[in-house]
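This briefing sets out selected features of one protein chain for a reader with a structural background. The points below are grouped by topic.

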Amino acid sequence: MRVASAAFSVALLLAACAAEAPTPSATDPAVLVVAGRQVDFVKELSAGFAEGVRRVPGIQHRTIGPDDVDNAAEMRMIRGFLDGKHGSVSLFTFAPELFADSLGKAVTAGTALVALHSIPAPGSRVPLYIGNDNLAIGTQLGEAMAHRIPAQTEGLVIIGSPYPGVTVLDERATGVRAAIERLRPDVTVLGPFDTKQDPGANRHAWSTLQEANPHALAFIGVGGADAHSLALLRTSVTTRIDGGVGTDPKALAMAARGPMVLVSTEPYLQGLLAGAIQARCAKDGDPLPTGWLPVPGIVVDTTNAAEITGRQSSEVARREWFRERANEILGDLPDTMRPLVDAQ
């Protein structure tokens with residue numbers, strides 16, 4: 001019985017390993033590799049990528065990645081697509097430095113690469129980045145929060161991050177801090193504190209921070225999980241204002257009511273642009289453009305929360321809402337692109 005059980009366990013392990021390393025094929029001219037397919041904003045990246053590829057008839061696409069954030073699993077999955085014999089690859093990862101060496105070798109082998117949402121590490125030699133200026137995202141959020149705090153007010157503002165040390169989130173936190181300190185110099189800004197990625201742990205971290213700082217002027221999270229937790233924990237009406245990043249439904253509802261301000265990083269648009277550019281180049285046989293294609297964030301508050309909620313209500317609604325903006329960017333790529341060094 002023990003031998004059979006062990007054999008069964010080995011079979012399951014082998015099957016899992018096989019699932020983690022998809023076999024590339026010549027019918028994959030546009031590939032998206034992501035970290036954490038079940039993460040909400042990653043779902044939006046993936047949906048946008050599929051829509052972007054669909055804009056170019058006859059081009060197939062493929063999205064792969066572990067369900068949960070797992071850098072090692074993502075690395076195993078992408079390896080087979082980096083030999084220069086398959087289509088272009090867009091990569092979103094929370095750990096661009098980890099992929100730098102493999103991506104550098106892939107560029108040498110002739111693989112066309114796109115860094116999506118996370119700025120590529122310099123050693124990766126990835127020539128195209130599509131995504132935000134995350135310092136600017138943080139600045140947008142910090143300025144919006146500061147304007148909700150009366151001038152000459154003294155008190156604490158608490159910043160949290162689910163992944164301290166991740167460049168994207170660190171830059172957002174830096175932007176938030178600098179904007180608030182510039183516009184509200186009497187305010188003391190603390191953090192970023194580690195608020196954890198796991199939903200339960202994230203809520204507990206924010207609950208602990210709120211209990212320890214009951215009179216704080218504002219709590220601001222720079223990751224997607226943070227906005228959801230802050231909205232859930234908002235049980236009483238106070239003068240406090242909370243801030244977050246993303247379009248979590250509960251956070252949007254809170255933004256519509258007034259006590260929360262959000263900045264959307266527009267992941268659907270980022271994915272759409274990547275998919276459309278890869279598909280168009282695959283069809284025409286052209287090389288991918290090089291540089292940084294910036295995607296600005298948008299502030300979400302009482303003035304537009306209802307509109308953004310409607311946009312997020314379905315795939316059809318998102319597609320229609322982004323259609324004109326995507327057409328504008330794709331129709332004028334040379335004037336929209338910026339040097340990659342500006343993003344790094």
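In this predicted model, Ser264 touches Gly246, Thr247, Gly297, Ile298, Val300 and Arg311, leaving aside residues up to four places away in sequence. Ser264 belongs to strand β10, which comprises residues 260–264. With a relative accessible area of 1%, Ser264 is buried, and its side chain makes a polar contact of 2.4 Å with the side chain of Glu266.

**Helix α7**

- Helix α7 covers residues 199–212; at 1.5 Å a residue its 14 residues should span 20 Å, and the end C-alpha atoms are indeed 20 Å apart.
- Asn202, Ala205, Trp206, Leu209 and Gln210 are the buried residues of α7. They lie on the same side of α7, because the arc they cover around the axis is only 130°.
- These buried residues of α7 pack against four elements: β6 (155–161), β7 (187–194), β8 (218–221) and α8 (224–232).
- On the face of α7 turned away from the buried side, the exposed residues are His204, Glu211 and Ala212.
- At the start of α7, the backbone nitrogen of Gly200 has a side-chain oxygen of Asp198 within 3.2 Å.

**Salt bridges**

- The structure contains 13 salt bridges.
- One of them joins the side chains of Glu51 and Arg319, with an N to O distance of 3.1 Å. Glu51 is located in helix α2 (residues 40–54) and Arg319 in helix α12 (residues 315–330), so this pair ties together parts that are 268 residues apart in sequence.
- Glu51 is buried, its relative accessible area being 8%, whereas Arg319 counts as partly exposed at 24% relative accessibility.
- A network of salt bridges links Glu51, Arg54 and Arg319.
- Asp101 and Lys105 also meet through their side chains in a salt bridge (3.3 Å, N to O). Both residues lie in helix α4 (residues 96–109), where they are 4 residues apart, about one turn of the helix. Asp101 and Lys105 are both exposed.
- Between Asp342 and Arg338 there is a further salt bridge, in which the closest N and O atoms are 3.9 Å apart. Asp342 counts as partly exposed, at 41% relative accessibility, and Arg338 likewise counts as partly exposed, at 35%.

**Aromatic pairs**

- The count of aromatic pairs comes to 8. In one of them, the rings of Tyr129 and Trp292 have centres 6.2 Å apart and planes at 20°; this angle is under the 30 degrees cut-off, so the pair is stacked.
- Tyr129 lies in strand β5 (residues 128–131) and Trp292 in strand β11 (residues 291–294), so the stacked pair ties together parts that are 163 residues apart in sequence.
- Tyr129 is buried, with a relative accessible area of 0%, and Trp292 is buried as well, with a value of 1%.
- The rings of Trp206 and Phe219 have their centres 6.2 Å apart and their planes at 90°, which is over the cut-off of 60 degrees, so this pair is edge-to-face. Trp206 in helix α7 and Phe219 in strand β8 are 13 residues apart, and their pairing links distant parts of the chain. Both of these residues are buried.
- One aromatic cluster is formed by Phe41, Phe92, Phe94 and Tyr163.

Technical notes:
Residues are numbered from 1 along each chain as its sequence is written. This is a predicted model: local features need pLDDT of at least 70, side-chain atom pairs count only at pLDDT 80 or more; totals for chains, interfaces and linings use all residues. Side-chain values use heavy atoms; hydrogens and water are left out. Helices (H or I, at least four residues) and strands (E, at least two) are DSSP runs, numbered from the N terminus. The expected span of a helix is 1.5 Å times one less than its number of residues. Buried means under 20% relative accessible area, exposed over 50%, partly exposed in between (1.4 Å probe, protein chains only). The arc is that of the directions from the helix axis to the C-beta atoms. Contact means heavy atoms within 4.5 Å. A polar contact is a pair of N or O atoms within 3.5 Å; within protein, one must be able to donate a hydrogen and the other to accept it, and residues adjacent in sequence count only if both atoms are side-chain atoms. A salt bridge is a side-chain nitrogen of Lys or Arg within 4 Å of a carboxyl oxygen of Asp or Glu. Rings of Phe, Tyr and Trp (its six-membered ring) pair if their centres lie within 6.5 Å; planes under 30 degrees apart count as stacked, over 60 as edge-to-face and the rest as tilted.
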